[in-house]
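Reader: I've just opened this one and don't know my way around yet. Can you walk me through it?

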Amino acid sequence: MKKTHPLALEQKEGAKHGEAYFPVQKYITHLTPEHPAVTTHWHDEAELTLITKGHGLYRIDLNDYEVKEGDLLFISPLLLHSISRTCDGEFSSETYVFHINFLGGNSTDICSTHYLTPIMNQEIALPCLITESHPAYASLRKIFDQIHSLYDENINGYELALKALFLGAIFSLLQFSEKKEVTGKDTSSDKLKQVLDYIELHYKESISVAELAKLCYFSDYHFMRFFKKQMNMTCVEYINNLRLEKAVELFEQGDTSILDVSLSVGFRNLSYFHRAFKKKYNMTPLSFIKQLETT
């Protein structure tokens, strides 16, 4: 039932975390010079994270948070977020992704209607970064350590204890929460989600800047500036990066035809695919396939 996964270096929209009857999943993230970032993504679940090594930068709901070893982060459902290294050394973290419904978010009691549902609907903003100087740090770090111990042990009834601990984490953070004003206007975050979702659905096809700009009701020029500012890369770089990650998935699933894989993920020029792959992964597609065969 319980597994530890590396956090996929791609948009995770639509991914399943855990199982339907136990929507909790542990992830270990390692950022290195070869894999320096987790690109912007979002999902229905919340995240509780401990930075276990190094320094990094979290971008959450288009706001930047510098993090270091020992810091805790809580990311509410549906918030855009990404991770990148900010120093030469390695960066590692341990994350528990869980669905609010696991805690009773889909029920009709006072806990759901007053707290859990508003959190899911982004009507209540919980603090994202909890450093050692934050008043909630001591209690939240104790909760995190208990989650870590329970998740890795097969103790009878551990699911009940995990539910209680996640509720305890939310209780601790609620003491420092803020009510958010809900408007009918699309925010920059909403526009970016639309664009990323569109790219995720159509990355195999030819995608023009004009198509993406139209989703935001921006001019092409305004859209390119907007995307670069929010993503720290151009939309072409983002699309190519996503296509390369999809190619790696296909190689890992046993597809060994480099031409077929490059075409299936949207690259129409094989030599360009080779150059882009080598630039991102420091090896050719053929070397990557051979490496898979020896592991």
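Reader: How many bridges join strand S3 to S8?

Author: This is a predicted model, so keep that in mind as we go. Strand S3 covers residues 37–41 and runs antiparallel to S8. Within this pairing, Ala-37 stands opposite Ser-84 in S8. The number of bridges joining S3 to S8 is three.

Reader: Which residue in S8 stands opposite Gly-56?

Author: Look at strand S5, residues 55–60, which pairs with S8 in the antiparallel sense. That pairing runs over five bridges. Opposite Gly-56, in S8, you'll find Arg-85.

Reader: How many residues of strand S8 are buried?

Author: Strand S8 spans residues 81–85 and is mostly covered. To count as buried, a residue needs under 20% relative accessible area. Of the five residues in S8, the number that are buried is four.

Reader: What about S2: which residue in S9 is the bridge partner of Thr-29?

Author: Strand S2, residues 24–31, has six of its eight residues buried, so it is largely enclosed by the rest of the structure. S2 pairs with S9 in the antiparallel sense, over eight bridges. The bridge partner of Thr-29 in S9 is Ser-93.

Reader: How far apart, centre to centre, are the rings of Tyr-96 and Phe-144?

Author: Searching the whole structure turns up 17 aromatic pairs. Tyr-96 and Phe-144 form one that is edge-to-face, with 70 degrees between the planes. Centre to centre, their rings are 5.4 Å apart.

Reader: Why does that pair tie together parts of the chain, and how many residues apart are they?

Author: It comes down to where the two rings sit: Tyr-96 is in strand S9 (residues 91–98), while Phe-144 is in helix H2 (residues 137–151). Both Tyr-96 and Phe-144 are buried. The pair therefore ties together parts whose separation in sequence is 48 residues.

Reader: Phe-227 and Tyr-238 form an aromatic pair too, so which helix holds Tyr-238?

Author: Phe-227 and Tyr-238 are edge-to-face, at 5.9 Å centre to centre and with 70 degrees between the planes. Phe-227 is buried, as is Tyr-238. The two are 11 residues apart, with Phe-227 in helix H6 (residues 220–231) and Tyr-238 in helix H7 (residues 235–252). For Tyr-238, then, the helix is H7.

Reader: Is Pro-285 buried or exposed?

Author: Start with where Pro-285 sits, which is helix H10, residues 285–294. Leaving aside neighbours within four places in sequence, Pro-285 is in contact with Phe-251, Ile-258, Phe-273, His-274 and Phe-277. Ring pairs link a cluster that includes Phe-251, Phe-273 and Phe-277. With a relative accessibility of 0%, Pro-285 counts as buried.

Reader: What separates the C-alpha atoms of Pro-285 and Ser-262?

Author: Along the chain, Pro-285 and Ser-262 are 23 residues apart. In space, the separation of their C-alpha atoms is 9.8 Å.

Reader: Which residue lies over the face of Phe-102?

Author: A charge counts as sitting over a ring when, for Lys, its NZ is within 6 Å of the ring centre and within 35 degrees of the ring normal. Here the distance from the ring centre of Phe-102 is 5.3 Å. The residue lying over that face is Lys-163.

Reader: What is the phi of Asp-61 near?

Author: Asp-61 is found in the loop between S5 and strand S6 (63–68). At 25% relative accessibility, Asp-61 counts as partly exposed. Most residues other than glycine have a negative phi. Asp-61 has a positive one, near 50 degrees.

Reader: And where is Gln-122?

Author: Gln-122 also has a positive phi, near 60 degrees. Its relative accessible area is 21%, which makes Gln-122 partly exposed. Its place is the loop between helix H1 (110–120) and strand S10 (124–125).

Reader: Stepping back, what is the radius of gyration of the protein?

Author: The secondary structure comes to 10 helices and 12 strands. For 295 residues the globule rule gives 19 Å, and the protein comes close to that, so it is as compact as a globular protein of that length. Its radius of gyration is 20 Å.

Reader: Last one: what percentage of the residues count as buried?

Author: The protein exposes about 15100 Å², with carbon and sulfur atoms supplying 52% of it. Of its 295 residues, the share that count as buried is 46%.

Notes. Residues are numbered from 1 along each chain as its sequence is written. This is a predicted model: local features need pLDDT of at least 70, side-chain atom pairs count only at pLDDT 80 or more; totals for chains, interfaces and linings use all residues. Side-chain values use heavy atoms; hydrogens and water are left out. Rings of Phe, Tyr and Trp (its six-membered ring) pair if their centres lie within 6.5 Å; planes under 30 degrees apart count as stacked, over 60 as edge-to-face and the rest as tilted. Buried means under 20% relative accessible area, exposed over 50%, partly exposed in between (1.4 Å probe, protein chains only). The radius of gyration is taken over C-alpha atoms; the globule rule is 2.2 Å times the number of residues to the power 0.38. Accessible areas come from the Shrake-Rupley method with a 1.4 Å probe; for residues, only the protein chains shown count as cover. Two strands pair if DSSP finds at least two bridges between them. Contact means heavy atoms within 4.5 Å.
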